[in-house]
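Please read these points with the structure open. They deal with one helix and then with the ligand site.

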Amino acid sequence: MSTRTIRIGLCGLGTVGQGVWKHLTANRTALEDRLGVRIELAKAAVRDRSRARSVKVPAHCLVDDPMSIARDPSIDIVCELMGGTGIAKKVTLEALSRGKIVVSANKALLCESGAAVFAAARKGGGRFFFEASVAGGIPIIKALREGLVANRFRLIYGILNGTCNYILTRMAAEGAGYPEILADAKRLGFAEADESLDVEGWDTAHKASILAHLAHGVWLKPNQMTVEGITKITQADLRHAATLGYGIKLLAIITRDFARDELAVRVHPTLVPKDRVLANVNGVFNGIAVVGDVVGTTTYIGRGAGQDATASAVISDIADAIVLLTTGRDVTPVESAARAARTVRLAPPERLRSRYYVRTTVKDRPGVLAQIATVMARHGVSIESVIQTTSERPNAASLILTTHESDERAMGATLAALGRLRSLLESPLLLRIADFSD
Ligand code: HSE
């Protein structure tokens with residue numbers, strides 16, 4: 001019997017596409033041996049054929065139009081590695097409607113149009129694999145879908161953006177300036193083409209929406225989540241947090257209350273106690289803690305961005321796709337229409353409780369601290385600690401307060417009332433303090 005050849009088309013040959021080409025070429029024999037097929041990197045769609053690349057791609061493999069790959073009957077697996085929600089969506093839906101397997105790293109597309117993508121797969125007989133969309137090289141999709149399938153998940157939280165973690169880590173360790181570190185993250189291939197997706201928290205929100213879908217079967221849009229990025233975090237915040245015994249991490253937090261049938265997905269910078277594992281996940285690494293009702297807590301750590309880590313995840317999906325093509329064994333069963341139609345209530349803000357860190361600058365004169373304490377007391381918020389330091393501004397002081405446990409509604413109202421005090425010289429910054437009872 002002759003060995004079957006599986007033909008792969010890459011749509012996009014940027015950082016991730018070149019990584020897939022490089023590692024699939026280098027490890028092809030071992031993969032072929034394991035999977036019992038011949039693997040052919042048949043086509044790669046690029047915007048600019050003449051661009052310098054780190055991999056040698058034969059000229060006859062290059063095409064200009066990614067749609068031609070989606071429509072090519074000789075291509076078995078379409079890898080969508082362009083990103084974005086424009087042409088990437090069209091190519092994905094076209095390939096799925098033709099019954100093809102699509103391997104994707106596109107978290108923005110899934111968050112925006114996950115329901116449409118899976119509906120197209122159901123209708124056209126295609127399959128959609130997306131391990132590379134969340135947490136780079138960490139196989140968190142497979143963990144949730146396969147290894148932890150016995151569990152229900154009341155809490156999933158983690159660092160899902162390598163760029164933000166790299167920035168916060170270097171700001172804390174070196175005191176290096178934000179623009180310089182961000183430029184390094186771009187050079188190293190961690191950051192999105194539009195870096196505001198990283199630093200404003202949207203990339204983390206896209207990934208959190210995918211994890212929430214896997215765990216709870218619903219698609220939340222970013223406007224159904226709280227999303228805050230890292231742009232307001234200063235060196236001073238990182239210093240103060242360290243003094244209080246915390247690191248600052250951009251976390252996605254997915255909480256499910258099964259009794260009330262409520263779900264909350266939040267993305268925000270969070271003070272994490274220094275002795276917790278996630279506080280020590282640094283640089284481009286991501287870390288995710290998954291609390292399952294059967295298994296307890298499992299934690300996953302690995303490189304969350306960059307060419308090699310993401311290529312590893314894409315190639316793992318290609319291997320699953322090959323197994324499906326050659327044996328019919330399907331690790332991504334098509335979602336039932338019933339599961340696709342599921343809804344859940346969003347948890348109201350008073351249910352989201354934590355301790356808080358508040359930083360502001362005030363006029364340095366008698367009675368100001370008392371005014372702030374009065375506002376907080378009026379909203380039922382209890383102060384746990386106060387640090388006052390000198391401010392660069394004349395006759396001003398920086399104040400850092402931490403609170404006992406409160407909730408998002410009370411803190412929202414407190415911040416609005418504080419913002420109206422004439423003695424405040426800047427809008428207060430609010431950060432949550434993590435105290436996960438897992
Ligand atoms: N920009 C993303 C990050 C790439 O920094 O995590 C990986 O999804």
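1. The expected span of a helix is 1.5 Å times one less than its number of residues. Helices are DSSP runs of H or I with at least four residues, numbered from the N terminus. Helix H12 (residues 307-327) has 21 residues, so its span should be 30 Å, and its end C-alpha atoms are indeed 30 Å apart. After H12 comes Gly 328, with a positive phi near 80°.

2. This is a predicted model, in which local features need pLDDT of at least 70 and side-chain atom pairs pLDDT 80 or more, while totals for chains, interfaces and linings use all residues. Residues are numbered from 1 along each chain as its sequence is written, and side-chain values use heavy atoms, without hydrogens and water.

3. Which residues are closest to the ligand? They are Lys 107, Thr 163, Phe 190, Glu 192 and Asp 198, out of 13 that surround the ligand (a heavy atom within 4 Å). Helix H7 (162-174) and helix H10 (202-216) each supply at least two residues of this shell.

4. Polar contacts here are pairs of N or O atoms within 3.5 Å. A polar side-chain atom of Lys 107 is 2.6 Å from a ligand oxygen. Side-chain N or O atoms of Glu 192 and Asp 198 lie 2.6 Å and 2.7 Å, respectively, from a ligand nitrogen.

Methods: A polar contact is a pair of N or O atoms within 3.5 Å; within protein, one must be able to donate a hydrogen and the other to accept it, and residues adjacent in sequence count only if both atoms are side-chain atoms.
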